[in-house]
Amino acid sequence: MKKILIADDEHKIIMTLEYAFKKAGYEVFIARDGSEVLELLKTEIPDMILLDIMMPNVDGYTTLAEIKKDQNLNKIKVILLSAKSGEADIKKGLELGADDYITKPYSIKKLTERVEELLTDKQ
């Protein structure tokens, strides 16, 4: 079973994504900020991380940079999900190593398809 980590501080987004990915056959892990992501990654290595940028404590950019620095974690696929749609924000996310950058609001169907594409490429 493929594992996905959803990191967002908005409860509704977490609930919607968790439902969609469980229905699609994923084992789902939840984090509400970057520090929870980094803590969880000490015990679980997901195939994919859906990472919000604007979160309390540790933001998505900082979290992504930490993941990409770690040799045990840097192969995990990461999609940044953010309301930040500026060109500079997107460029920064991709330069930090995100596999994709999707702006909110987004289609759950398109997001699940994109996750599948990226994980198929990983094989």
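Which side chain of opposite charge is nearest to Asp-33, and how far away is it? The legends below take up this question first, and they describe a predicted model.

**View 1. Asp-33, a buried residue without a salt bridge.** The nearest side chain of opposite charge is that of Arg-32, which is 9.1 Å away, and Asp-33, although buried, has no salt bridge. Asp-33 is placed in the loop between strand E2 (27-31) and helix H2 (34-40). A polar atom of its side chain lies 2.9 Å from the backbone nitrogen of Glu-36, and the side chain of Asp-33 also makes a polar contact of 2.6 Å with the side chain of Asn-57. When neighbours within four places in sequence are left aside, the residues in contact with Asp-33 are Met-55, Pro-56, Asn-57 and Val-58.

**View 2. Asn-57 and its backbone angle.** Asn-57, whose side chain is the partner of Asp-33 in the polar contact of the previous view, is found in the loop between strand E3 (48-52) and helix H3 (60-69). Most residues other than glycine have a negative phi. Asn-57 is not a glycine, yet its phi is positive, at about 65°. With a relative accessible area of 71%, Asn-57 is exposed, whereas Asp-33 is buried.

**View 3. The largest nonpolar core.** This core has 19 residues, and those with the most contacts inside it are Leu-5, Val-37, Leu-41, Ile-49, Leu-51 and Leu-80. Strand E1 (3-7), E2, E3, H3 and strand E4 (77-82) each supply at least two of its residues, and H3 gives the most, with three residues. Val-37 can serve as a starting point for looking around: leaving aside its neighbours within four places in sequence, Val-37 is in contact with Leu-5, Ala-7, Ala-31, Leu-51, Thr-63 and Ile-67. A second core, separate from this one, has 18 residues, among them Ile-4, Leu-17, Ile-102 and Leu-119.

**View 4. A buried salt bridge between Asp-8 and Lys-104.** A search of the whole structure finds 13 salt bridges. In one of them the side chains of Asp-8 and Lys-104 meet, with a distance of 3.0 Å from N to O. Asp-8 lies in the loop between E1 and helix H1 (11-23) and Lys-104 in the loop between E5 and H5, so this pair ties together parts that are 96 residues apart in sequence. Both residues, Asp-8 and Lys-104, are buried.

**View 5. The cis peptide bond between Lys-104 and Pro-105.** Most peptide bonds are trans. The bond that joins Lys-104 and Pro-105, however, is cis, with an omega of about -5°. Pro-105 lies in the loop between strand E5 (100-103) and helix H5 (108-122).

**View 6. Salt bridges within helices H4 and H5.** In helix H4 (residues 87-95), the side chains of Lys-91 and Glu-95 meet in a salt bridge of 3.5 Å, N to O. Because these two residues are four residues apart in the helix, about one helical turn separates them, and both Lys-91 and Glu-95 are exposed. In helix H5, Arg-114 and Glu-117 are three residues apart and so are separated by about one helical turn; they form a salt bridge whose closest N and O atoms are 2.9 Å apart. Arg-114 counts as partly exposed at 22% relative accessibility, and Glu-117 is partly exposed with a relative accessible area of 44%.

Terms used: Residues are numbered from 1 along each chain as its sequence is written. This is a predicted model: local features need pLDDT of at least 70, side-chain atom pairs count only at pLDDT 80 or more; totals for chains, interfaces and linings use all residues. Side-chain values use heavy atoms; hydrogens and water are left out. Buried means under 20% relative accessible area, exposed over 50%, partly exposed in between (1.4 Å probe, protein chains only). Lys and Arg count as positive and Asp and Glu as negative; His and the chain ends are not counted. A salt bridge is a side-chain nitrogen of Lys or Arg within 4 Å of a carboxyl oxygen of Asp or Glu. A polar contact is a pair of N or O atoms within 3.5 Å; within protein, one must be able to donate a hydrogen and the other to accept it, and residues adjacent in sequence count only if both atoms are side-chain atoms. Contact means heavy atoms within 4.5 Å. A nonpolar core is a set of buried Ala, Val, Leu, Ile, Met, Phe, Trp, Tyr and Cys residues joined through side-chain atoms within 4.5 Å.
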